[in-house]
Amino acid sequence: SYLAAVKGAPILLTEPSADANLLNYLKTNLVSGGKVYILGGTAAVSDAFESGAKDLGFDVKRLKGAGRYETNLEILKEAGVNTTDEVLIATGKNYADSLSASATGLPMLLVDKNLTDSQKAFLQGTSKKFVILGGTGAVSAEVEAELDAIGDVTCVKGASRYGTSVEIAKRYFNAPSAAVLAYAQGFPDGLCGGPLAYAVGAPLILTSNESSWDADDYVYGIHAGAVTGGSGRISDDTVRQIFDLAPGTPIV
């Protein structure tokens, strides 16, 4: 999401069966010779897709490392981290908190139970202002202590992924005029919706039909926005409830 914000680019998801459609999208929408970043190794995005994008004349660069954490570092290095920006710290084992923060346009480091040596070296070249997303069930107390030894640490968390999503929105968005909703129990729609939310200056709020009260409270008074995904994930009735719309108002 940070690379997408820096480059003004969308995030596109693919798998082998979808490669042809995605290559057609690039051919139709990307300027001739435009840049295409492939994130992850060939087990994530195939060589065939990379070759297809190159054959169309695009400038293709694959960013990968030995696992998700090293790939994350390669992406951050490519984007270039401003030394005045806070660095967000999120678990690499679950997507929820990182999705909620994807609208901020800030660099985000994914972590495991402890920081790696390469992560510590990278963080030395940043603002050394760190914001941990979620509680110790997401980012361990060990990681917090390691970060505290490098710089200043703040924690942003709620009682659940829903509450944390709202707390992230409160920290980074001052009286927004729109909000973007994403399904809290899956990552694809929210992942693609992060750049959309960033582009329109809106927070990305995780919600579901069964657990919408955090979104209800935060979005109250906001009557514009977007919902990522179909009504099978977040129903039209839930959307109307969250945005305080009249019954039957079309969700287009």
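These are my notebook entries on one helix, two pockets and two nonpolar cores of a predicted model.

**Entry 1: helix α2**

I began with helix α2, which spans residues 19-29, and looked up which of its residues are buried: they are D19, L22, L23 and L26. I then asked why these four lie on the same side of α2, and found that they do so because they cover an arc of only 100° around the axis. The general rule I kept in mind is that an α-helix has 3.6 residues a turn, so residues three or four places apart point the same way. Turning to the other side of α2, I noted that A20, N21 and T28 are exposed there. As for what the buried residues of α2 pack against, I found strand β1, residues 35-39, and helix α3, residues 47-55.

**Entry 2: the largest pocket**

Next I looked up the largest pocket, which holds about 1,700 Å³ of space. I counted on the program's list of 45 lining residues, and wrote down that I11, L13, L39, I75 and L191 are the ones nearest the centre of this pocket. Several elements supply at least two residues each to its lining, and I recognised α2 and β1 among them, along with others including α4 (68-79) and α9 (188-200). By character, the lining of the largest pocket divides into 28 nonpolar, 14 polar and three charged residues.

**Entry 3: the second largest pocket**

For the second largest pocket I noted about 230 Å³ of space and a lining of 16 residues, with G225, V227, V239, I251 and V252 nearest its centre. Two elements, β9 (225-227) and α11 (236-242), give two or more residues to this lining, and β9 gives the most, with three residues. I sorted the lining of this second largest pocket as well, into 10 nonpolar residues, five polar and one charged.

**Entry 4: the nonpolar cores**

Last, I looked at the largest nonpolar core, which has 27 residues, and where L181, L204, L206, Y218, V219 and F243 have the most contacts inside it. Among the elements that each supply at least two residues of this core are α8 (161-172), β7 (179-183), β8 (204-207) and α10 (213-219), and the largest share, five residues, comes from β7. I followed F243 further and, leaving out residues up to four places away in sequence, found that F243 touches A179, L181, V219, I222, H223, A224 and G225. Apart from this core lies another, of 21 residues, among them L76, L115, F130 and I150.

Notes:
Residues are numbered from 1 along each chain as its sequence is written. This is a predicted model: local features need pLDDT of at least 70, side-chain atom pairs count only at pLDDT 80 or more; totals for chains, interfaces and linings use all residues. Side-chain values use heavy atoms; hydrogens and water are left out. Buried means under 20% relative accessible area, exposed over 50%, partly exposed in between (1.4 Å probe, protein chains only). The arc is that of the directions from the helix axis to the C-beta atoms. Contact means heavy atoms within 4.5 Å. On a 1 Å grid over the protein atoms alone, a cavity is a set of points where a 1.4 Å probe fits but cannot get out, and a pocket is an open set with protein on both sides within 12 Å along at least five of seven lines; lining residues have an atom within 4 Å of a point. Grid points are joined across faces, edges and corners, and a volume is the space filled by probe spheres set on the points. Ala, Val, Leu, Ile, Met, Phe, Trp, Tyr, Cys and Pro count as nonpolar, Asp, Glu, Lys and Arg as charged, and the others, Gly among them, as polar. A nonpolar core is a set of buried Ala, Val, Leu, Ile, Met, Phe, Trp, Tyr and Cys residues joined through side-chain atoms within 4.5 Å.
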